[in-house]
Amino acid sequence: MVKELLENALDAGATRIEVTVAGAGIDLIRVVDDGHGIPPQQLPLAFERHATSKLRAARELPGVRSYGFRGEALPSVAAVAEIDCLSRTPERALGARLRIQHGRPAPLEPAGAPLGTTVEARDLFARQPARRKFLAGARGERAAIARVCAEAALARPDVALHLRAEGRAVLSTGGEGERRAVLRALWGLEPAETALSFSGARPEAGLRLTGLAAPPQHHRGRRDALRLFVNARPVTSRRLNYAVEEAYRELLPAGRHPLAVCFLEAEPGRVDVNVHPTKAQVKLADEDAAFSLIQRTLRAALLQAAGPRPLDPSPFTAAAAPAAAAFPLPAPSDPPGPEAAALRRATTAATPVAGAGAGAATALAPSPSPPPTPAPPAIPPLRALGQVGATFLVAEGPDALYLIDQHGAHERVLYERLLAAPAGPEARQPLLDPPLLELSAEQAAALAGHEAALTALGFELEPFGERTLRLRALPACWAPGDARSALLALLDDLAGPDRVPERHDPVAASAACHAAVRAGQRLEPLELRALLRDLERCLNPHTCPHGRPTLLRLSNQDLARRFLRR
Ligand code: ADP
Ligand code: MG
């Protein structure tokens with residue numbers, strides 16, 4: 001109900017809207033706007049069914065930007081609540097008041113009124129006790145009203161919007177584009193303050209995009225912090241929501257969802273909002289273009305801003321500093337030094353990682369993730385200092401101390417290498433003594449389901465009896481030593497319940513995991529250095545393919561502060 005009244009106020013061109021609710025909206029909903037008002041003779045009509053003033057415009061102009069044009073909102077409200085509506089148009093000095101009680105309009109009265117419209121609905125469903133039961137309960141109703149108002153404030157940052165509930169100010173914007181302030185109410189302080197703003201356009205498709213997205217260290221168990229607006233209207237679109245989730249791919253832990261709002265502007269005529277009665281869904285002329293615009297713009301912004309996680313997750317330091325730009329690019333064409341050779345003993349490195357994301361990955365039909373221009377390395381050159389507990393690496397950067405998870409870091413390196421590996425024989429290392437593997441039923445099923453992806457990664461598997469196969473070749477970056485059990489573990493992974501086989505990435509992620517050095521494995525100094533160098537060259541060095549962090553950062557400043565040196 002609040003939603004419909006808000007929409008009417010916005011349709012009337014209001015620049016300031018006040019919403020007051022009491023008793024969770026059951027006792028009172030009052031919406032005051034400073035819009036163009038309703039002329040007195042039309043006031044009673046507005047509460048009659050299908051008496052919309054917008055229908056013609058809507059039919060004749062498919063791109064019209066009004067929210068409601070079915071002429072049902074006011075009559076529906078009048079049918080279930082006691083109404084007091086006061087309105088004045090700019091041409092008149094005096095306004096008019098219409099009361100509707102028990103569904104019956106009283107005679108229209110002239111009344112002094114500020115410019116605009118006030119609609120007051122009291123005692124909701126007093127006459128429909130059965131419907132009253134369907135309300136979500138006071139807390140639920142209050143939350144729903146707050147969400148509707150917050151969404152309106154996000155959609156229309158140019159309108160000053162105030163919500164008072166039960167005598168308290170719940171939301172208040174000044175009409176000066178304070179989307180971040182609204183997000184604070186929805187997401188909490190830190191995600192809202194550190195949210196990245198992004199923008200992009202597809203002029204040929206008539207699309208423009210802006211938005212705000214929390215950095216990946218913030219996530220939710222549900223998708224409800226992900227909101228989409230098309231032409232300033234909140235809409236739901238599973239496909240476009242998925243574009244946002246794709247942009248966060250590998251940056252979030254499995255099963256978690258991002259906090260992001262996207263505002264898509266489509267030229268009139270490129271969007272049809274009438275596919276759904278409440279217009280919660282839209283049909284875009286070029287949904288593919290919208291999908292890739294969202295996915296790429298947001299992905300680029302996230303990678304660009306990715307800064308290492310600070311050791312002490314104090315607010316505002318996480319992704320705020322675009323540290324990457326300040327550091328010189330390590331020359332990607334450096335000949336691989338002795339360090340690289342050393343790590344190859346363990347992993348047989350093949351393709352250099354720099355420049356990954358280019359055409360190389362075509363055979364994998366990869367996610368459209370990396371933006372067309374290679375992102376700058378997001379971590380500076382690191383000097384290896386040593387290993388802790390045979391699990392973590394310690395390193396020094398230009399202005400900070402880094403702790404690195406050796407398994408996660410190596411997983412990341414191998415993962416990007418797998419995705420960048422060209423298809424064909426050079427991606428494979430043939431095994432001189434191809435082992436035989438006996439598979440469980442689940443492993444055999446997993447293999448059947450992912451055979452093409454595994455082949456594309458460089459595995460060559462030859463059937464040898466019903467559930468037996470011969471492993472003829474491995475991806476070039478896999479260590480041959482323990483290939484047999486690593487492949488079986490990989491198949492177990494792929495057989496797991498939560499595999500989404502729509503892309504090859506999970507296969508590559510598992511493949512990387514089972515080939516990567518383990519926690520507890522001692523690394524030679526040369527191996528250690530090689531791993532850091534490889535990590536520096538990754539497109540996204542901050543997380544392993546499963547979304548866990550690979551490194552922690554403690555700045556020299558922080559160190560000084562902790563030792564009370566300043
Ligand atoms: P709809 O919005 O679908 O046209 P409603 O029942 O919501 O139908 O409103 C009926 C009509 O009343 C609108 O078409 C509009 O002309 C008028 N109206 C309603 N609310 C306002 C308002 N806040 N300011 C100006 N006109 C309004
Ligand atoms: Mg309406």
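**Exercise 1.** Is His-162 buried or exposed?

*Solution.* The model is a predicted one, and the first step is to place the residue, which belongs to strand E8, covering residues 160-165. The second step is to read the relative accessible area of His-162, which is 19%. Because buried means under 20%, His-162 counts as buried. The third step is to list its neighbours: leaving aside residues up to four places away in sequence, His-162 touches Arg-16, Ile-17, Glu-18 and Val-19, and also Leu-171, Ser-172 and Thr-173.

**Exercise 2.** Classify the exposure of Asp-272 and describe its surroundings.

*Solution.* Asp-272 sits in strand E15, which consists of residues 271-272. Its relative accessibility is 33%, and since partly exposed covers the range between 20% and 50%, Asp-272 is assigned to the partly exposed class. Once residues up to four places away in sequence are set aside, Asp-272 has contacts with Val-282 and Lys-283. The C-alpha atoms of Asp-272 and Leu-284 are 6.3 Å apart, although 12 residues separate the two in sequence.

**Exercise 3.** Test whether the end-to-end distance of helix H13 agrees with its number of residues.

*Solution.* Helix H13 runs over residues 406-420 and has 15 residues. The expected span is 1.5 Å times one less than the number of residues, so for H13 the expectation is 21 Å. The end C-alpha atoms of H13 are 21 Å apart, and therefore the two values agree. As for its environment, H13 is mostly covered, with 15 of its 15 residues buried. At the start of H13, a side-chain oxygen of Asp-405 comes within 3.2 Å of the backbone nitrogen of His-407.

**Exercise 4.** How are helices H14 and H15 oriented to each other?

*Solution.* Two packed helices are described by the angle between their axes and the distance between the axes. For H14 (residues 441-457) and H15 (residues 483-495), the axes come within 8 Å and cross at roughly 95°. Because angles of 65 to 115 degrees count as roughly perpendicular, H14 and H15 are roughly perpendicular to each other. On the H14 side the contact involves Glu-442, Gln-443, Ala-446, Leu-447, His-450 and Leu-454, which meet Leu-488, Leu-490, Leu-491, Asp-492, Leu-494 and Ala-495 of H15. By class, the residues of this contact comprise eight nonpolar, two polar and two charged.

**Exercise 5.** What percentage of the residues of the protein count as buried?

*Solution.* The protein has 566 residues, of which 49% count as buried, and its secondary structure includes 18 helices and 25 strands. Among contacts between residues at least 6 apart in sequence, 70% join residues at least 24 apart.

Definitions and conventions:
Residues are numbered from 1 along each chain as its sequence is written. Chains are lettered from A and ligands numbered from 1 in the order in which they are written. This is a predicted model: local features need pLDDT of at least 70, side-chain atom pairs count only at pLDDT 80 or more; totals for chains, interfaces and linings use all residues. Side-chain values use heavy atoms; hydrogens and water are left out. Helices (H or I, at least four residues) and strands (E, at least two) are DSSP runs, numbered from the N terminus. Buried means under 20% relative accessible area, exposed over 50%, partly exposed in between (1.4 Å probe, protein chains only). Contact means heavy atoms within 4.5 Å. A polar contact is a pair of N or O atoms within 3.5 Å; within protein, one must be able to donate a hydrogen and the other to accept it, and residues adjacent in sequence count only if both atoms are side-chain atoms. Axes are lines fitted to C-alpha atoms, for helices over the stretch in contact, and angles run from 0 to 180 degrees between N-to-C directions. Angles under 35 degrees count as roughly parallel, over 145 as roughly antiparallel, 65 to 115 as roughly perpendicular and the rest as oblique. Ala, Val, Leu, Ile, Met, Phe, Trp, Tyr, Cys and Pro count as nonpolar, Asp, Glu, Lys and Arg as charged, and the others, Gly among them, as polar.
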